[in-house]
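Here is a short round of questions and answers on how two chains meet and how helices pack. Look at the model first.

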Protein chains: 2
Amino acid sequence: MSTAPLPATAVIREVGLRDGLQSIQTVLPTERKREWIRDAFAAGQREIEVGSFVPARLLPQLADTADVLAFAKTLPGLKVSVLVPNLRGALHALQAGADLMILPLSASHAHSLANLRKTPDEVVQEMRKIRAARDAAGSQTLIEGGVGTAFGCTLQGEVSHDEVLRLMQALLDAGADRVSLADTVGYADPASVSRLFERALRIAGDRFCCGHFHDTRGLALANVYAALQLGVSRFDASLAGIGGCPHAPGASGNAATEDLAFMLQSCGVRTGVDIEALLALRHRVAAWLEGEATHGALWRAGLPRTFNMATTA
Amino acid sequence: MSTAPLPATAVIREVGLRDGLQSIQTVLPTERKREWIRDAFAAGQREIEVGSFVPARLLPQLADTADVLAFAKTLPGLKVSVLVPNLRGALHALQAGADLMILPLSASHAHSLANLRKTPDEVVQEMRKIRAARDAAGSQTLIEGGVGTAFGCTLQGEVSHDEVLRLMQALLDAGADRVSLADTVGYADPASVSRLFERALRIAGDRFCCGHFHDTRGLALANVYAALQLGVSRFDASLAGIGGCPHAPGASGNAATEDLAFMLQSCGVRTGVDIEALLALRHRVAAWLEGEATHGALWRAGLPRTFNMATTA
């Protein structure tokens with residue numbers, strides 16, 4: 001009845017500054033973003049997605065991505081990632097010297113057309129151009145292909161695992177250094193995560209790098225646990241669980257960074273994160289975002305009395 | 001890397017009327033409790049903990065337990081359970097013809113003394129008396145020994161797995177028909193659930209009947225999933241996640257019934273519960289409890305578009 005041992009360590013990639021902030025009304029000043037990144041780094045976070053190279057008129061919340069990225073690059077050892085919707089965005093990321101750029105592809109054709117005005121296969125062509133541009137520039141920036149709506153879509157409904165995996169393979173073939181899967185709308189459950197991620201790992205092996213689970217229906221942490229059992233050891237999360245979906249008011253965004261860190265470390269999976277420091281930062285970020293919905297449970301209850309004992313055991 | 005198949009079916013035992021209502025200020029009128037039980041039954045729930053036979057001065061919220069139990073017994077096929085803190089409560093439960101009475105034992109000595117004014121081993125003696133009374137009455141009422149603070153305690157801190165299992169065995173030896181484990185304060189994580197429940201199942205086999213996880217730190221559903229992977233197929237839950245802990249204001253109570261039903265059915269584990277009907281009931285219960293904190297995620301977001309497809313697959 002036992003399951004395989006969990007990974008000894010895992011990385012929580014902070015996406016609150018991108019996936020979180022893009023989904024809410026408040027435009028956080030650049031100075032606040034710098035403070036967030038500085039203190040997340042001080043709390044032990046070593047991978048942060050700082051923004052998105054999209055036109056400022058589409059996402060004014062992320063208009064300062066180049067400035068924020070430049071600041072983040074000054075923190076030694078921080079891996080700075082950025083989302084790029086297309087070649088144009090990728091050229092900005094290359095110029096800015098991002099450590100990683102993530103090209104999102106929506107496996108739902110309906111969602112892909114609505115969101116990116118491209119079919120999924122047209123996004124694969126974009127990956128090909130981005131890889132060529134990266135190689136031509138002699139850049140070290142890694143390229144991740146992130147397959148979204150991997151568990152279904154609010155527009156299209158069902159998205160088949162076969163199609164998700166076909167597109168993941170196509171991204172690898174088109175030059176992605178690595179790939180990830182995202183439950184963009186909170187449709188995943190732990191059993192479906194086990195099934196899809198097991199197949200993804202068989203296809204991509206070590207190039208499968210990350211799980212991204214929205215907590216829209218409360219299952220994000222259970223889904224992380226299911227992926228963790230397969231050896232997946234990088235997960236996206238938003239501090240205070242910010243983000244969400246315009247179609248589900250009040251619904252939460254990503255897994256809350258602080259709750260995820262708590263679960264991982266309680267399970268004996270080291271994250272390098274100082275959870276008390278993270279909770280202090282969460283307190284400030286939530287105050288900056290007054291009026292916006294925040295999520296998560298740990299901040300209310302605090303760490304268990306036994307927590308230190310558990311992690312040093 | 002695969003894990004064992006999940007159980008084909010699972011039971012969600014509703015404990016909102018006991019564990020939920022006892023932890024909040026509002027005293028729900030008996031008529032409302034009847035309506036809740038009637039509609040939970042109509043939504044497919046077949047096991048409900050209706051109250052607690054404790055002195056009314058201690059828990060005025062549950063003073064009408066005998067009346068509520070009598071009503072619940074009129075619903076054909078509903079298994080009606082009740083909490084009993086001691087022999088006196090058990091005699092009430094026997095007289096009322098409860099299908100099941102649950103004697104809680106706190107594995108934390110500090111919590112046991114503070115809560116029940118007995119040591120855990122004195123509670124084991126109470127189990128012996130309850131079993132004798134049940135047998136003397138020729139009653140069909142089942143007796144469950146519920147070991148609480150099984151993952152640690154806010155008063156005492158650490159509670160060893162060895163001590164939890166020693167007390168579980170002692171309850172069985174003293175005449176409990178079955179036993180369960182509870183994370184009373186939200187200290188469990190899925191890895192610790194796997195470790196403790198695997199040992200509990202080795203000791204109690206089919207007599208191990210239920211997992212009870214508080215969602216205080218957001219891990220209740222991940223913990224359920226870990227137990228489910230070991231074949232555990234009965235879980236306590238509260239509609240709207242009501243309940244909580246006086247020491248952690250705003251902290252949630254049990255796993256939310258509706259979110260748990262969603263996770264189980266999404267995972268292909270049948271519960272017999274009509275989730276839409278449950279969400280409609282949740283809406284009413286939350287209105288009755290206006291001003292009290294309610295929890296859960298599904299009620300905001302609604303079921304996925306793909307949900308029916310997933311469950312009929």
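Helix axes are lines fitted to C-alpha atoms over the stretch in contact, and angles run from 0 to 180 degrees between N-to-C directions. Helices (H or I, at least four residues) are DSSP runs, numbered from the N terminus. This is a predicted model: local features need pLDDT of at least 70, side-chain atom pairs count only at pLDDT 80 or more, and totals for chains, interfaces and linings use all residues. Residues are numbered from 1 along each chain as its sequence is written, and chains are lettered from A and ligands numbered from 1 in the order in which they are written.

Q: At what angle do helix 8 of chain B and helix 9 of chain B pack?
A: Two packed helices are described by an angle and a distance between their axes. Here the axes of helix 8 and helix 9 of chain B lie 8 Å apart. The angle is about 35°.

Q: How many residues of chain B are in contact with chain A?
A: Contact means C-beta atoms, placed from the backbone, within 7 Å. Chain A contributes 47 residues. The number for chain B is 47.

Q: What axis relates chain B to chain A?
A: Copies are superposed by least squares on the C-alpha atoms of residues with pLDDT of at least 70 in both. A turn of 180° and a shift of 0.0 Å along the axis lay chain B on chain A, with an RMSD of 0.0 Å. That is therefore the relation of a two-fold axis.

Q: Which C-alpha of chain B is nearest the axis?
A: The distance from the axis is 2.0 Å. The residue is A222(B).

Key. Two residues are in contact if their C-beta atoms, placed from the backbone, lie within 7 Å. Helices (H or I, at least four residues) and strands (E, at least two) are DSSP runs, numbered from the N terminus.
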